[in-house]
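Subject: Structure for you to look through

Hello,

Here is the structure I said I would pass on. Please open it next to this message and follow along; my notes come after it.

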Amino acid sequence: MAENNKDKKASPWRSLQLGLTVIFGIVVYAYGFQITKVDLEDLRSERRQESLTRVMRALAKPEIFAYDQQEEIVNSPVYVTCPASGAPTLPEPDKNGPYLVISPSCAEPGETVQVEGFNFAPNVSGPLRFVPGSDPANVVTLGRDNVETDAAGHFIFELTLPKRPSADIQYIRATLKQNVGAPHLTQTAKDTWEKIVETVFLALLATTFGTFLAIPLSFIAARNLMKPVRSPLASIAFSLLGWPLGMGIGYLIVRWVERLGDPFTGNIFINLVSVIIAPIILIYGLRWALPQEETSKPSVSLQIGRWAVIFVVTLVGFYGLFQLAALAKNLGQGIMASKGWFAFLGNFLFQSGDIVGIITPALGGLAAGGTLSSFMGKVGQRATEKLSPTNVKLFNIVFATLAGMTVFGLLGQLVEWLYQVGNPLYTLWGPATAGGILGLTLALLTKPKATLPTGLVIYYITRTFLNGLRSIEALVMAIVFVIAVGIGPFAGMMALGLHTIVSLAKLYSEQVESIMAGPLEAIQATGANRLQTIVYAVIPQIIPPYISYTMYRWDINVRMSTIIGFVGGGGIGFLLQQNINLLNYRAASAQMFAIAIVVASMDYISSVLREKYV
């Protein structure tokens, strides 16, 4: 009973809350109407309704098929205004063919005359125009009226004369077009087919390259995988110092290897032999230097020898990559020179070789940076474990300060490159000093052998980077890449590829975060390292959604490519923008029709694939 009384007492307050909520919602939407300028007055205007009807009718008739047309052009004289002597007597038209009868034969500007057509082809249409001047062949015409004949080839139309008075005779022209022959594809349809194919493959390449790069990013952007990762400060400082040092050394060494192979890049035979032998040397060298089992601990000299062999065979591997790039470019040039049906394969080989040649030094720098960072991180870990707390504290102070100076100094150089400040105090020494102070403070506040959440730091940096890039629309990215590589589908592919990387990395990482923890714990209980945990516990759970997300992203890229074409990013969007700007709505309708067919087809194909494999 008491509860019922309480509800009754509370009900007026709840009613008041509901009423205030409704009033607030009305006020919000009312202000939204004001901001968005909702006004149906223009929609009711006759001029806008006429324009809307014309555009909708044009969009409903995509310019895909057309007939060859035969024109019947008839000019009939008229006076605007009437001569002082009264209505003139005009010569009788030739009634053996199509002809026009205008009544009256003269009128004032703005008045209406009746135009009647005879002997035209049945059920044909065309424009009826006023031709100013005394020359019946004048190409300048006025008006936008159209007429259509009946089954007897006859029409009647009330035409309003324009305000073009003249003492000379002027003309009214009927141009009726008759379809002849069988229908055929229009040039618009052919151009649309070419561009829609370009759009599909633009989206395919962007999705493919974006997926390859998004997958590794998704693992370091997954909180559940990165949260357990912790490292002592000395290991972090050494790793940070190892990255730029290793990348710089690795890049220079790989470029030196490239220069060693430059004299042989034009010889296909040497390219081929190098491509065959280099992997063999690399495989056998690594097998010897990294044995799977050892019966006894190797000596120091043997370990040094193994590291030397690893270094040498790695250089041989990079030499093989450069020779592979040269071989692909040489073969591609040969195939393109033949100009046969498979010339596109030659272009593919040449461009692929060029890509390999460009990215190999960068890969060398990344590999060296990662290797040296890992090695130095283990040194820092070992030092933390072996040294006394006092020595570890001193160790942390020195190297954390040095690491902070290095990282912030490099960031300062990036700021200098972007903003061209020109003052080293602000772009080098200032940031380096601030980084050193930050590293020193961190070392003083951290316990000597305490571990820090490096995984979470990497996670937050990665997610912030992905969110920042994802907030930039592909349209803006396309503008930047158009400046970098020129107008065309390549710029569009790069823009969509970058947007695909950051979008898929976010979706993938969220999927990794939602996996079941049981398999993860079971694999870790066996003593598996992080790579083995990801391979055997994470990947099997994420393959189905990864496939689904990737196919959906391809669908998105097809639709987005229609937009980036507006800024020169290639694809069918370029044609669509062009026809809309030219008010050629029938051609624009053909492009929209093609986009709809492709999107619907891809949706059907992806649903079949998901049903079969996901």
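To start inside the fold: leaving aside its neighbours within four places in sequence, Leu241 is in contact with Met376, Phe399, Leu402, Ala403 and Thr406. Keep in mind that this is a predicted model. Leu241 belongs to helix 6, which covers residues 233-261. Is Leu241 buried or exposed? Its relative accessible area is 13%, and the limit for buried is under 20%, so Leu241 is buried. Ser373 is also worth finding from here: Leu241 and Ser373 are 132 residues apart in sequence, but their C-alpha atoms are 7.2 Å apart in space.

The pockets

Ser373 turns up again in the largest pocket, which holds about 1,900 Å³ of space. This pocket is lined by 45 residues, and those closest to its centre are Ser239, Leu240, Trp243, Ser373 and Ile458. Several helices give two or more residues to the lining, among them helix 4 (187-220), helix 9 (343-386), helix 10 (389-419) and helix 12 (454-470). Which helix gives the most? That is helix 6, with nine residues. By type, the lining of the largest pocket has 29 nonpolar residues, 15 polar ones and one charged.

The second largest pocket has a volume of about 1,400 Å³. Its lining is made of 32 residues, and Leu205, Phe209, Ile355, Phe490 and Met493 lie nearest its centre. Helix 4, helix 9 and helix 14 (489-513) are the elements that give two or more residues to this lining. Helix 9 gives the most to the second largest pocket, with 14 residues. The lining divides into 25 nonpolar, five polar and two charged residues.

The sheets

One open sheet has four strands in the order 1-7-4-5, with antiparallel pairing. Strand 1 (65-78) and strand 5 (142-148) are at its edges; each has a single partner strand, so one side of each has no neighbour in the sheet. From one strand to the next, the twist of this sheet averages 25°. Strand 1 pairs with strand 7 (residues 170-185) over 13 bridges, in the antiparallel sense. To see one of these pairings, look at Asp68, whose bridge partner in strand 7 is Val180.

Another open sheet has three strands, in the order 2-3-6, and its pairing is antiparallel. Its edge strands are strand 2 (99-103) and strand 6 (155-160), each of which pairs on one side only. The twist in this sheet averages 25° from one strand to the next. Strand 3 (residues 112-118) and strand 6 run antiparallel and are joined by six bridges. Gln114 has Glu158 in strand 6 as its bridge partner.

A residue to look at in strand 1 is Ser76. Its relative accessibility is 9%, so Ser76 counts as buried. Leaving aside its neighbours within four places in sequence, Ser76 is in contact with Leu100, Ile102, Gln170, Tyr171 and Ile172.

Backbone details

Where are the cis peptide bonds in the list I made? One joins Val80 and Thr81, with omega at about 10°. Thr81 is placed in the loop between strand 1 and strand 2. Another cis bond runs from Ser103 to Pro104, with omega near -5°. Pro104 is in the loop between strand 2 and strand 3.

Two residues have an entry for their phi angle. Lys37 is not a glycine, yet its phi is positive, at about 55°. Lys37 sits in the loop between helix 1 (2-36) and helix 2 (41-44). With a relative accessible area of 71%, Lys37 is exposed, because the exposed class begins over 50%. Asn123 is not a glycine either, and has a positive phi of about 55°. Asn123 is found in the loop between strand 3 and strand 4 (125-131). Its relative accessible area is 54%, so Asn123 is exposed.

If you want one place to begin, select Leu241 and display its contacts, which include Met376 and Phe399. Then go to the largest pocket, where helix 6 gives the most to the lining.

Regards

Definitions and conventions: Residues are numbered from 1 along each chain as its sequence is written. This is a predicted model: local features need pLDDT of at least 70, side-chain atom pairs count only at pLDDT 80 or more; totals for chains, interfaces and linings use all residues. Side-chain values use heavy atoms; hydrogens and water are left out. Two strands pair if DSSP finds at least two bridges between them. Axes are lines fitted to C-alpha atoms, for helices over the stretch in contact, and angles run from 0 to 180 degrees between N-to-C directions. Buried means under 20% relative accessible area, exposed over 50%, partly exposed in between (1.4 Å probe, protein chains only). Contact means heavy atoms within 4.5 Å. On a 1 Å grid over the protein atoms alone, a cavity is a set of points where a 1.4 Å probe fits but cannot get out, and a pocket is an open set with protein on both sides within 12 Å along at least five of seven lines; lining residues have an atom within 4 Å of a point. Grid points are joined across faces, edges and corners, and a volume is the space filled by probe spheres set on the points. Ala, Val, Leu, Ile, Met, Phe, Trp, Tyr, Cys and Pro count as nonpolar, Asp, Glu, Lys and Arg as charged, and the others, Gly among them, as polar.
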